[in-house]
Amino acid sequence: MEGLQGEQSVHRRRRGPTADDAGVREISGPSSAFTVEATDPDEEWEENEAAPPPSLHMPSSATVPDTFFRAGAFQHNLRVAALYVPALLVLFAYAGRSTAILFLLGALTVHALNVMGGELSTVIVMWGLLFLFEFFLMLGGIPLVQYSILNVFFLTHMAFFVLLVGLWGSVQFVWLQQALPKAVTLMMERALFSCGLTCVPIILTWACITLYGLESGPFWLLLFLSIAYVLWCLPLASSFFPAQQKLKQPPPLFSKLEGMSHALVLLSFPCIMHGAIFHRVFFQA
């Protein structure tokens, strides 16, 4: 018996330590490799992954992978309506009663077609109505251009605002979000806020100038730009990136660089308008 034990010890020294003797076991898989160490059979086995999971910090919704995109209801209608509806009322007052009634009847028709399930006809009628409304606006703007060539600037903003209203209506349809590429849906959502920041306050300022005079224009513009900045440009989450297990909170709608550009618009536009109105006083002084 002693001779047999001596032979086993010599054999064990020749082949070296085994995995059972050292208490170490290597496990390899297709996705990761980790080492499991068991120094005591009563202790639990510990797993140490080789690499941590990648970071999910994204600067804005434009850089988030499309796998996190979820089509659904637009969640910022109240923020958009706070300034879009007054601007629409300004356009109705400018275009006349008949044009406003035509627009409202067309909106009811679009809603009825959407309820009945006519997807293609809904889009065609909605955008056809908007282009017709824009045509009447431009037709009524000819006397303004004859009065002053500077009114072309205002008419351009009115035409662009009508397109933004069309984007606002298009982003409401979930079936259209699923049919369009994800980048197009995100672009429409971002355009409602970033482009509306410069377009909507100018239309509202023009309406206040016609009521209270040109001298108060820069102050009205500063007021409407401030409201638009608070509603649209402060950290705002996208409607199409709901919180998930891997994405704890939706990414912000705008990056830091875009936020800085919006703040620059807020600070510079009223100053530029004030200088354009009172430039003669500056040179006389």
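**A tour of the predicted model**

Select residues 10-17 to begin: in this predicted model the pLDDT (the predictor's confidence in each residue, from 0 to 100) stays under 50 there, and the stretch has 1 contact (heavy atoms within 4.5 Å) beyond four places in sequence. Residues 19-65 also stay under 50, with 52 contacts beyond four places in sequence. Where pLDDT is low, the predicted coordinates should not be read in detail. The protein averages a pLDDT of 75, and 70% of the residues score at least 70.

Residues are numbered from 1 along each chain as its sequence is written. Local features need pLDDT of at least 70, side-chain atom pairs count only at pLDDT 80 or more, totals for chains, interfaces and linings use all residues, and side-chain values use heavy atoms, with hydrogens and water left out.

Next, select helix α4 (residues 97-116) and helix α5 (residues 119-140), whose axes come within 9 Å and cross at roughly 170°. The two are therefore roughly antiparallel (over 145 degrees) to each other. Among the residues making this contact are L102, F103 and V110 of α4 and V125, L129 and F133 of α5.

Move on to helix α7 (residues 151-170), where 15 of the 20 residues are buried (under 20% relative accessible area, 1.4 Å probe, protein chains only), so the helix is largely enclosed by the rest of the structure.

Finish at helix α9 (residues 182-194) and helix α10 (residues 196-212), whose axes come within 5 Å and cross at roughly 40°. Here A191, L192, F193 and S194 in α9 meet G196, L197 and T198 in α10.

How values were computed. Axes are lines fitted to C-alpha atoms, for helices over the stretch in contact, and angles run from 0 to 180 degrees between N-to-C directions. Helices (H or I, at least four residues) and strands (E, at least two) are DSSP runs, numbered from the N terminus. Buried means under 20% relative accessible area, exposed over 50%, partly exposed in between (1.4 Å probe, protein chains only). Angles under 35 degrees count as roughly parallel, over 145 as roughly antiparallel, 65 to 115 as roughly perpendicular and the rest as oblique.
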